[in-house]
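Please open the model in your viewer, with colouring by confidence and by secondary structure at hand, and follow the selections in the order given below.

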Amino acid sequence: MATKKAAESTLYHVHPKGFWKKFRDAIVVNPEISSGIPIANLNRYPQPASRSEEYSTPATKASDPAQNPYWKRDVRRAYPQLSVVTQSDLTTLLIQHSQPQAVAPPSENEAAPVPANAPEVMDLDLAGAIATITSVTQVYSETKLPPKVTTPFKKWRPERAPDAPHDPNAYFPMLLYK
């Protein structure tokens, strides 16, 4: 005797009764097939929404009003913070970063990096600092050009295309461009 290895497809499904059973048996190609409608109290146990307890949101740092003030959550007033760089700060940065950077010695033992010969930063105005830097090194040349602003599209340059067929004696012939 062979044992049944497949699951019973109709065991947990609703079966029609009475007139609808006779109607289904007359119309369906395979009357042994399941209706596909699960029996509610057998399909999922416990049934959805049958549990009596209420869900409570777990307490977090954000749910504590003492640690979560309104001004931290108010994104409408999250204005960008201004940063101010004075001319003297900019002058100092320009002169310091125009000098060669320190290079580590080639020895194997760990020693402090050797600082490059950097003159003391004088109290210059911004124009004087830019003049000092550009007099020592040429900032831009034909080989080293300043950066360009990138554009998301290629600039269109008109280029003639083959002419459209037209009357050779036309007063205004159509010119095509790519």
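Begin with helix H5, residues 126-136, in this predicted model, and show the side chains of Leu126, Gly128, Ala129 and Ile133, which are buried. Looking down the axis of H5, you will find that these buried residues fall within an arc of 165 degrees, so they line one face of the helix. As a general point, an α-helix has 3.6 residues a turn, so residues three or four places apart point the same way. Next, turn to the face of H5 that points away from the buried side and select Ala127 and Ser135, both of them exposed. To see what lies over the buried residues of H5, add helix H4, residues 87-98, which is part of their cover.

Now zoom out to the whole protein chain, which contains five helices and zero strands, so that its elements read α-α-α-α-α from the N terminus on. Of its 178 residues, 7% count as buried, and its accessible surface comes to about 17300 Å², with 60% of that area belonging to carbon and sulfur atoms. If you display the contacts between residues at least 6 apart in sequence, 31% of them join residues at least 24 apart.

Colouring by confidence comes next: the mean pLDDT of the protein chain is 80, and 86% of its residues reach 70 or more. Confidence is highest in helix H1, residues 19-27, at a mean of 91, and lowest in helix H2, residues 40-43, at 76. Where pLDDT is low, the predicted coordinates should not be read in detail.

With that in mind, move on to the aromatic rings, among which the structure holds four pairs. Select Phe19 and Trp20, which form an edge-to-face pair with 5.1 Å from centre to centre and 70 degrees between the planes. Are these two rings' residues buried or exposed? Phe19 has a relative accessibility of 57% and therefore counts as exposed, and Trp20, at 54%, counts as exposed too. A further edge-to-face pair is that of Tyr171 and Phe172, with centres 4.7 Å apart and planes at 85 degrees; Tyr171 and Phe172 are both exposed. Returning to Phe19 and Trp20, add Phe23 to the selection, since these three residues form one aromatic cluster.

For the last stop, select Arg160 and Tyr177, where the charged end of Arg160 sits over the ring of Tyr177, 5.8 Å from the ring centre.

Technical notes: Residues numbered from 1 in each chain as written. Heavy atoms only, no water. Buried < 20%, exposed > 50% of the residue type's maximum accessible area, 1.4 Å probe, protein only. Helix = DSSP H or I, 4+ residues; strand = E, 2+ residues; numbered from the N terminus. Arc of directions from axis to C-beta. Contact = heavy atoms within 4.5 Å. Areas by Shrake-Rupley, 256 points an atom, 1.4 Å probe, with all protein chains shown as cover. pLDDT = per-residue confidence, 0-100. Phe/Tyr/Trp six-rings, centres within 6.5 Å; stacked < 30°, edge-to-face > 60°. Lys NZ or Arg CZ within 6 Å of the ring centre and 35° of its normal.
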